[in-house]
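Biologist: Let us go through this model strand by strand. Please keep the answers short.

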Amino acid sequence: MNVLDNIKGSPVRSERVYAGPSLGWIEAPIYQDTIITGDHTVQPWQSVILCNLSAPATVTLPNLTTWLNQGYSGWGGIFVKDVAGNAGANNVTISPVAGATINGLATYTIAANRAGILIRPRSDYAGWYTL
């Protein structure tokens, strides 16, 4: 059993990887894609959300503080992508929890077919930003 198996409710698995002479061997999380077909609340261990939608849907981001404080939260951010190619007609709305913003806005919308966006947490806990 590895270190990340002990986190309650987390399907994240890890493997030992060599991170160079300064860090040595570390437990690194292995992330799996999460495919959704409707509204979805991102769990703290999820970092890749693939939208296979036939109707508009909302992806709700996790609580920013909780997500940043998880050791397996995915340092790269949360990636959301329209894999069905339907976002032009069936928009994907990304919504942070109450009080948080994305680029200073209440929501972010994917409205182009096959588009994707990487959403990263601000290190000052003031919200999310996109790349």
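Biologist: Which residue stands opposite Thr 34 in strand 5?
Modeller: First the ground rules: this is a predicted model, where local features need pLDDT of at least 70, side-chain atom pairs count only at pLDDT 80 or more, and totals for chains, interfaces and linings use all residues. Residues are numbered from 1 along each chain as its sequence is written, and side-chain values use heavy atoms, with hydrogens and water left out. Strand 3 (residues 34-36) pairs with strand 5 (residues 48-51) in the parallel sense, over three bridges; strands are DSSP runs of E with at least two residues, numbered from the N terminus, and two of them pair if DSSP finds at least two bridges between them. Opposite Thr 34 in strand 5 stands Ile 49.

Biologist: Which residue of strand 7 stands opposite Leu 50?
Modeller: Strand 5 and strand 7 (residues 78-82) run parallel, joined by four bridges. Opposite Leu 50 in strand 7 is Lys 81.

Biologist: What stands opposite Val 80 in strand 10?
Modeller: Here the sense is antiparallel: four bridges join strand 7 to strand 10 (residues 116-121). The residue opposite Val 80 is Ile 117.

Biologist: Which strands stand at the edges of the open sheet?
Modeller: The open sheet has five strands in the order 3-5-7-10-11, with mixed pairing. Each edge strand has a single partner strand, so one side of each is left without a neighbour in the sheet. The edges are strand 3 and strand 11 (128-130).

Biologist: By what angle are neighbouring strands of the open sheet turned against each other on average?
Modeller: The strand order is 3-5-7-10-11. Axes are lines fitted to C-alpha atoms, and angles run from 0 to 180 degrees between N-to-C directions. With direction ignored, the average for neighbouring strands of this sheet is 25°.

Biologist: Which residue is the bridge partner of Val 92 in strand 9?
Modeller: Strand 8 (92-95) is joined to strand 6 by four bridges in parallel. There, Val 59 stands opposite Ile 94. Strand 8 also runs antiparallel to strand 9, over three bridges. In strand 9, the partner of Val 92 is Ile 110.

Biologist: How many residues are in the largest nonpolar core?
Modeller: Such a core is a set of buried Ala, Val, Leu, Ile, Met, Phe, Trp, Tyr and Cys residues joined through side-chain atoms within 4.5 Å. Buried means under 20% relative accessible area, exposed over 50%, and partly exposed in between (1.4 Å probe, protein chains only). Cys 51, Ile 78, Val 80, Val 92, Ile 94 and Trp 128 touch the most other members of the largest core, whose residue count is 21.

Biologist: How far apart are the closest N and O atoms of Asp 124 and Arg 122?
Modeller: The whole structure holds one salt bridge, meaning a side-chain nitrogen of Lys or Arg within 4 Å of a carboxyl oxygen of Asp or Glu. Asp 124 is partly exposed, at 45% relative accessible area, and Arg 122 is partly exposed too, at 37%. The closest N and O atoms of Asp 124 and Arg 122 are apart by 2.7 Å.

Biologist: What is the phi of Tyr 125?
Modeller: Tyr 125 lies in the loop between strand 10 and strand 11. Tyr 125 is partly exposed, with a relative accessible area of 40%. Phi of Tyr 125 is positive in a residue other than glycine, near 65°.
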